[in-house]
Amino acid sequence: MTRKLNLCTLLLAAALVALPLSARADGPKVVLELFTSQGCSSCPSADSLLGELAESRDDVVALSFHVDYWDYIGWEDRFATTETTERQRAYARHLGVAYVYTPQLVVDGARHVVGSNRRAVNDAIDVSKSVKARRAPVSITSSAPDRLTVEIGRSEGYYGDATVWLVSVDRQHETAVDAGENQGRTLSNYNVVRAFRPVGRWTGGAMTLELGPDELSGTANGCAILVQENQGKGRIMGGDMVWLDES
């Protein structure tokens with residue numbers, strides 16, 4: 001009987017270790033920013049991986065930023081903006097990267113990997129979760145499709161000046177591409193960023209933001225909140241996301 005109990009205990013422990021992160025997520029969420037383009041033939045696999053991570057893990061905030069520098073090769077990405085491209089270039093300067101590329105995944109604004117490399121992506125997430133750094137605990141609640149309450153917790157000993165971003169996100173898009181490198185393909189894009197803008201500053205103390213129809217006007221299916229150092233171009237200290245169409 002003792003041997004059977006010990007075996008059961010070992011099997012239960014192994015099962016708990018094997019649980020996906022989505023089933024036992026705790027602590028701050030890791031923010032994933034995929035810089036992608038519908039005109040890039042290397043991007044669909046990264047788009048698919050981002051969608052998988054967004055669906056299967058509740059310890060990440062997954063966002064898809066579409067850049068416009070591939071538009072010249074025959075297909076204009078309908079979700080690409082110059083602001084997104086400039087955000088990626090700002091990361092290149094911040095991270096000491098000599099050039100921008102797609103698909104690039106920036107993790108917590110602190111490191112980058114090729115967005116289609118599953119192992120590298122998962123390793124980068126694990127590294128980010130293990131780093132001992134000051135965090136900004138972020139939570140979003142929604143009482144109605146046009147009203148959000150954002151709570152950002154206190155970080156003892158932090159005296160910096162971080163930007164609070166409001167990011168407007170579409171859940172998913174299917175696009176038939178009839179030109180460029182992906183000609184003839186129907187592409188699936190997930191958690192597509194449609195706009196982002198600063199809505200506040202965080203200096204280390206607890207704060208609450210009430211976002212109503214004026215702030216959320218024109219938003220998409222969902223919203224993310226990011227707290228980011230270095231005038232909104234550095235390390236991301238915290239983030240959360242909510243789907244407005246589930247309110």
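Visitor: In which helix is the place of N230?
Guide: The structure above is a predicted model. In it, residues 229–232 form one helix, and N230 belongs to that run. The place of N230 is therefore helix α6.

Visitor: What is the phi of N230, a residue that is not a glycine?
Guide: Most residues other than glycine have a negative phi. N230 is not a glycine, yet its phi is positive. The value for N230 is about 55 degrees.

Visitor: Is N230 buried, partly exposed or exposed?
Guide: The relative accessible area of N230 is 44%. Buried means under 20% and exposed means over 50%, with partly exposed in between. Since 44% falls in between, N230 is partly exposed.

Visitor: Which relative accessibility belongs to Q231, and what class does it give?
Guide: Q231 also lies in helix α6. Q231 is not a glycine either, and its phi is positive at about 55 degrees. Its relative accessibility is 65%, and exposed means over 50%, so Q231 counts as exposed.

Visitor: Which residues does E229 touch, not counting residues up to four places away in sequence?
Guide: E229 has its place in helix α6. Contact requires heavy atoms within 4.5 Å. With residues up to four places away in sequence left out, E229 touches Y158, A162, G234, R235 and M237.

Visitor: What distance separates the C-alpha atoms of E229 and R201?
Guide: Along the chain, E229 and R201 are 28 residues apart. In space, the separation of their C-alpha atoms is 9.8 Å.

Visitor: Which residues are joined by a cis peptide bond?
Guide: Most peptide bonds are trans. Here a cis bond is found, with omega at about -5 degrees. The second residue of that bond, P103, is in the loop between α3 (82–95) and β3 (104–107). The residues joined are T102 and P103.

Visitor: How many bridges join strand β5 to strand β6?
Guide: Strand β5 covers residues 138–144, strand β6 covers residues 147–152, and the two run antiparallel. They form a hairpin with two residues between them. Within this pairing, S142 of β5 stands opposite L148 in β6. The number of bridges joining β5 to β6 is six.

Visitor: Which residue in β9 is the bridge partner of E151?
Guide: Strand β6 and strand β9 (residues 207–211) pair in the antiparallel sense over five bridges. T149 stands opposite E210 in β9. For E151, the bridge partner in β9 is T208.

Visitor: Which strands stand at the edges of the open sheet?
Guide: Three strands form this sheet in the order β5-β6-β9, with antiparallel pairing. The edge strands each have a single partner strand, so one side of each is left without a neighbour in the sheet; they are β5 and β9.

Visitor: What is the average twist from one strand to the next in the sheet β5-β6-β9?
Guide: The sheet is open, and its strand order is β5-β6-β9. From one strand to the next, the twist averages 15 degrees.

Visitor: How many disulfides does a search of the whole structure find?
Guide: C40 is buried, with a relative accessible area of 5%. C43 is buried as well, at 0% relative accessibility. A disulfide requires two cysteine sulfur atoms within 2.5 Å. A search of the whole structure gives a count of zero.

Visitor: How are the rings of F65 and F196 arranged?
Guide: A search of the whole structure finds eight aromatic pairs. The ring centres of F65 and F196 lie 5.6 Å apart, and their planes stand at 75 degrees. Planes over 60 degrees apart count as edge-to-face, so the arrangement of F65 and F196 is edge-to-face.

Visitor: How many residues apart in sequence are the parts that the pair of F65 and F196 ties together?
Guide: F65 lies in strand β2 (residues 60–66) and is buried, with a relative accessible area of 1%. F196 lies in strand β8 (residues 186–202). The parts tied together are therefore separated in sequence by 131 residues.

Visitor: At what angle do the planes of W165 and F196 stand?
Guide: W165 lies in strand β7 (residues 162–176), 31 residues from F196 in strand β8. W165 is buried, with a relative accessible area of 12%. The ring centres of W165 and F196 are 5.6 Å apart, and the pair is edge-to-face because the planes stand at 70 degrees.

Visitor: The charged end of which residue sits over the ring of W165?
Guide: Ring pairs link W165 into a cluster with F35, F65, Y91 and F196. A charged end also sits over the ring of W165, 5.4 Å from its centre, and it belongs to R87.

Technical notes. Residues are numbered from 1 along each chain as its sequence is written. This is a predicted model: local features need pLDDT of at least 70, side-chain atom pairs count only at pLDDT 80 or more; totals for chains, interfaces and linings use all residues. Side-chain values use heavy atoms; hydrogens and water are left out. Two strands pair if DSSP finds at least two bridges between them. Helices (H or I, at least four residues) and strands (E, at least two) are DSSP runs, numbered from the N terminus. Axes are lines fitted to C-alpha atoms, for helices over the stretch in contact, and angles run from 0 to 180 degrees between N-to-C directions. Buried means under 20% relative accessible area, exposed over 50%, partly exposed in between (1.4 Å probe, protein chains only). Rings of Phe, Tyr and Trp (its six-membered ring) pair if their centres lie within 6.5 Å; planes under 30 degrees apart count as stacked, over 60 as edge-to-face and the rest as tilted. A charge sits over a ring if NZ of Lys or CZ of Arg is within 6 Å of the ring centre and within 35 degrees of the ring normal.
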